[in-house]
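Me: I would like a close look at one part of this structure, with its surroundings described step by step. Please begin with a single residue and work outwards from there.

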Amino acid sequence: MSMFEAFFLALIQGLTEFLPISSSAHLILPSQIFGWADQGLAFDVAVHVGTLAAVIGYFRREVVSLLSAFFASFTGKHSRDSQLAWMIVLATIPACVAGLFLKDLIELYLRSAWVIAATTLLFGALLWWADRHARQQCDEYQTTRSRALFIGIAQALALIPGTSRSGATITAALMLGYTREAAARFSFLMSIPIITLAGSYLGLQLATSPVPVEFAPIGVGVLVSFVSAYACIHAFLKLVTRVGMLPFVIYRLILGVGLIALLMSQ
């Protein structure tokens with residue numbers, strides 16, 4: 001892949017990984033419009049590393065507190081941080097189970113542009129409904145086991161291309177009465193274990209792959225996805241409390257209709 005392709009795709013990945021607008025819907029557009037080939041396994045690993053570093057870097061204080069409290073809970077020391085850490089672990093389980101048993105099925109039947117267009121529209125409408133009816137009464141520290149599982153199931157549904165992991169989890173959290181900022185923060189914290197697991201899986205595949213690695217595009221992928229994802233997280237948390245989810249809903253609807261128009265013209 002060229003350096004321009006690496007920069008462009010890493011920028012898209014970094015900007016869309018944490019916004020509720022579906023990274024898969026955006027990553028299919030370059031191949032549809034420009035005829036670009038698949039970016040390859042090594043580049044997938046690179047952008048996972050970049051976005052993971054961004055979310056850990058942005059929430060570094062929370063990550064240290066949550067990890068410390070999590071391990072302290074094994075010695076009987078419980079706190080609100082350890083409770084939240086355990087709820088994040090619980091919320092990660094549904095996606096892990098779904099990925100383990102349904103990955104091949106999803107890859108075979110649901111990775112089409114038509115599915116991405118449909119889910120972009122459907123889950124955009126759900127996000128609008130959830131945001132409009134949001135009670136905004138609780139924060140991430142009030143996450144119970146039932147709430148964690150509900151949001152975790154939403155994250156598992158996001159394995160379907162076009163759904164958007166952050167979009168599905170934020171929608172679920174808003175339905176449960178979280179404030180917009182708390183819904184976003186819990187979604188971002190949930191992303192850390194799931195991106196770590198996905199990146200580790202891809203890394204193991206890469207380690208056993210005979211395909212040679214081009215290190216220049218990989219470096220661009222890590223750097224650009226890190227910077228764009230970090231900036232995106234910061235801007236989104238500032239913006240969402242003031243304007244809500246409507247701009248992202250409108251964008252998803254435009255994107256979904258645009259994808260359908262593009263597919264019908266081919």
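In which helix is the place of Val-55?

Reply: Val-55 belongs to helix H3, which covers residues 41-58; helices here are DSSP runs of H or I with at least four residues, strands are runs of E with at least two, and both are numbered from the N terminus. The model is a predicted one, in which local features need pLDDT of at least 70 and side-chain atom pairs count only at pLDDT 80 or more, while totals for chains, interfaces and linings use all residues. Residues are numbered from 1 along each chain as its sequence is written, and side-chain values use heavy atoms, with hydrogens and water left out.

Val-55 has a relative accessibility of 0% and therefore counts as buried, a word that stands for under 20% relative accessible area, with exposed meaning over 50% and partly exposed the range in between (1.4 Å probe, protein chains only). When neighbours within four places in sequence are set aside, Val-55 is in contact with Phe-18, Phe-188, Ser-191, Ile-192 and Ile-233, contact being heavy atoms within 4.5 Å. Of these partners, Phe-188 is 133 residues away from Val-55 in sequence, yet their C-alpha atoms are 7.0 Å apart in space.

Phe-188 leads on to the nonpolar interior. The largest nonpolar core has 54 residues, and Phe-59, Phe-188 and Phe-236 are the ones that touch the most other members; such a core is a set of buried Ala, Val, Leu, Ile, Met, Phe, Trp, Tyr and Cys residues joined through side-chain atoms within 4.5 Å. Helix H9 gives the most to this core, contributing ten residues. Phe-236, again without its neighbours within four places in sequence, is in contact with Leu-19, Pro-20, Ile-170, Ala-184, Phe-188, Met-245 and Phe-248. Another core lies apart from this one and has ten residues, among them Ala-42, Phe-43, Ile-218 and Val-220.

Helix H9 itself runs over residues 180-207. Its 28 residues reach 40 Å from the first C-alpha to the last, close to the 40 Å expected at 1.5 Å a residue, where the expected span is 1.5 Å times one less than the number of residues. Ile-192, one of the contacts of Val-55, is also the place of a kink of about 30° in H9, shortly before the proline Pro-193; the bend is the angle between axes fitted to the seven residues ending at that position and the seven starting there.

H9 also takes part in charged pairs. A search of the whole structure finds three salt bridges, each being a side-chain nitrogen of Lys or Arg within 4 Å of a carboxyl oxygen of Asp or Glu. In one of them, Arg-185 and Glu-62 meet at 2.9 Å, N to O, and this pair links Arg-185 of H9 with Glu-62 of helix H4 (residues 60-72), 123 residues apart. Arg-185 is buried at 18% relative accessibility, whereas Glu-62 counts as partly exposed at 23%. Arg-185 forms a salt bridge with Glu-140 as well, the closest N and O atoms being 3.0 Å apart. Because Arg-185 is in H9 and Glu-140 is in the loop between H6 and H7, this pair ties together parts that are 45 residues apart in sequence. Through shared partners, Glu-62, Glu-140 and Arg-185 are joined into one network. Arg-180 pairs with Asp-131, their closest N and O atoms lying 2.6 Å apart; since Arg-180 lies in H9 and Asp-131 in helix H6 (residues 113-132), the parts tied together are 49 residues apart in sequence.

H9 is also among the elements against which the buried residues of H8 pack, the others being H6, H7 and helix H10 (215-243). Ten of the eleven residues of H8 are buried, so this helix is largely enclosed by the rest of the structure; among the buried ones are Ala-168 and Ile-170, and Ile-170 is also one of the contacts of Phe-236. Ala-168, with a relative accessible area of 5%, touches Ala-154, Ala-158 and Thr-163 when residues up to four places away in sequence are not counted. After H8 comes Gly-177, whose phi is positive, near 100°.
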